[in-house]
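Welcome, and thanks for taking a look at this structure. Please have the viewer open while you read, so that each part can be found as it comes up.

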Amino acid sequence: MNKIIENKFLGDDMYLMKVAGDFKGKMGQFYMLRAWDTYPTLSRPISIFDIDSEGITFLYKVFGEGTKIFSKLKINDEISLEGPYGNGFTEVEGKIALVGGGIGIAPLYLVAKKLKNCDIYLGFANKVILEDEYREVCDNLYTTTGNTFITDILDVTKYDYILTCGPTPMMKKLVSMVENTETKIQVSLENHMACGVGACLVCTCKTTNGNKKTCKDGPVFWGEDVIFND
Ligand SMILES: Cc1cc2nc3c(=O)[nH]c(=O)nc-3n(C[C@H](O)[C@H](O)[C@H](O)COP(=O)(O)OP(=O)(O)OC[C@H]3O[C@@H](n4cnc5c(N)ncnc54)[C@H](O)[C@@H]3O)c2cc1C
Ligand code: FES
């Protein structure tokens, strides 16, 4: 178990939680979090937002029972973290855009810190959060809210690579936008998970190379390989 050192409300049901300890992890990997004994049964997968010498930070949105429990945790409360799991984003070089939608913005902060000199595009339903923090780690930050989608303001042909995480319709649209261009895209899927370690098949996704486990073979895949459900 590790101690919470921050659990800050950011608005729109989103929180930034920092946990003390010496943690490992690459951009796009996730941890399985639990802050309860027996119920709910399953731990919850949450992406690494940032790691430093004090600990690890997660950006999460309250959806159901598990994330609601996280939101009630106070400084010095304890939480159990297992990981890091998943493959993470592949390191690339060139002109790079990171594109996040909703809580899918979470893994992109560490990606920007690691790759440097990226442009970041973030789409929010209502309110822009952590604007200064994201601006600090990129060359140019673009944001949208409400009915303007982040895909409306992005010219994919300006970039060699797009790295994205967010709602499936957004990622599907981005994959279709790079078709017939030179731009390559990596997508981080957020399929429902149970075990998080490749044992239960709950998270299976379809790819051109057959069925894959999102938790173990992913969550990051090359966009051209993913077969999105209609
Ligand atoms: C690889 C990965 C990284 C993620 N990173 C983040 C992040 O950084 N921040 C964040 O806020 N959310 C993230 N999510 C989504 C997050 O895991 C779910 O919102 C969370 O599990 C919901 O749990 P709950 O108990 O609040 O909701 P409930 O609906 O009560 O959960 C019921 C069950 O369904 C699973 N579940 C529900 N929604 C999701 C979902 N979208 N994805 C996966 N499992 C789900 C839960 O884990 C749980 O087992 C990520 C999901 C995946 C797969
Ligand atoms: S969540 Fe169990 S195999 Fe992926």
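What follows is a short tour of the domains, the ligand shell, the sheet and one helix of this predicted model.

**Two domains**

Let us begin with the overall layout. The domain assignment splits the chain into domain 1 (2-85) and domain 2 (96-225). Their C-alpha centres are 20 Å apart, and the contact involves 19 residues from domain 1 and 19 residues from domain 2. On the side of domain 1 that touches domain 2, strand S1 (2-11), strand S3 (30-34), S4 and S6 each contribute at least two residues. S6 gives the most to that side, with three residues.

**Around the ligand**

Where does the shell around ligand 1 draw its residues from? Both domain 1 (2-85) and domain 2 (96-225) provide at least three residues each. There are 24 residues around ligand 1, and those that come nearest are Tyr60, Gly64, Gly66, Thr67 and Ala106. In terms of secondary structure, strand S4 (44-47), strand S6 (55-61) and helix H1 (65-71) each supply at least two residues of this shell. S4 and S6 thus appear in the ligand shell and also on the side of domain 1 that touches domain 2.

The residue classes for these two sets are set out here.

| Set | Nonpolar | Polar | Charged |
|---|---|---|---|
| Shell around ligand 1 | 13 residues | seven residues | four residues |
| Side of domain 1 that touches domain 2 | 12 residues | four residues | three residues |

**The sheet**

Next comes the sheet. Seven strands make up an open sheet with antiparallel pairing, in the order S4-S3-S7-S1-S2-S6-S5. Which strands lie at the edges? They are S4 and S5, each of which pairs on one side only. Within the sheet, S1 and strand S7 (residues 78-85) run antiparallel and are joined by two bridges. Lys3 stands opposite Glu78 in S7.

**Helix H2**

The last stop is helix H2 (residues 108-115), whose buried residues are Leu108, Tyr109, Leu110, Val111 and Ala112. What do the buried residues of H2 pack against? Their partners are strand S5 (50-51), strand S8 (96-101), strand S9 (118-124), helix H3 (131-136) and strand S11 (161-165). S5, one of these partners, is also an edge strand of the sheet described above. After H2 comes Lys116, which has a positive phi, near 60°.

Technical notes. Residues numbered from 1 in each chain as written. Chains lettered and ligands numbered in written order. Predicted model: local features only at pLDDT ≥ 70, side-chain atom pairs only at ≥ 80, totals over all residues. Near = placed C-beta within 6 Å. Helix = DSSP H or I, 4+ residues; strand = E, 2+ residues; numbered from the N terminus. Nonpolar A, V, L, I, M, F, W, Y, C, P; charged D, E, K, R; others polar. Domains from an automatic or database assignment. Contact = placed C-beta atoms within 7 Å. Buried ≥ 20, exposed ≤ 12 C-beta atoms within 10 Å, placed from the backbone. Pairing = 2+ DSSP bridges.
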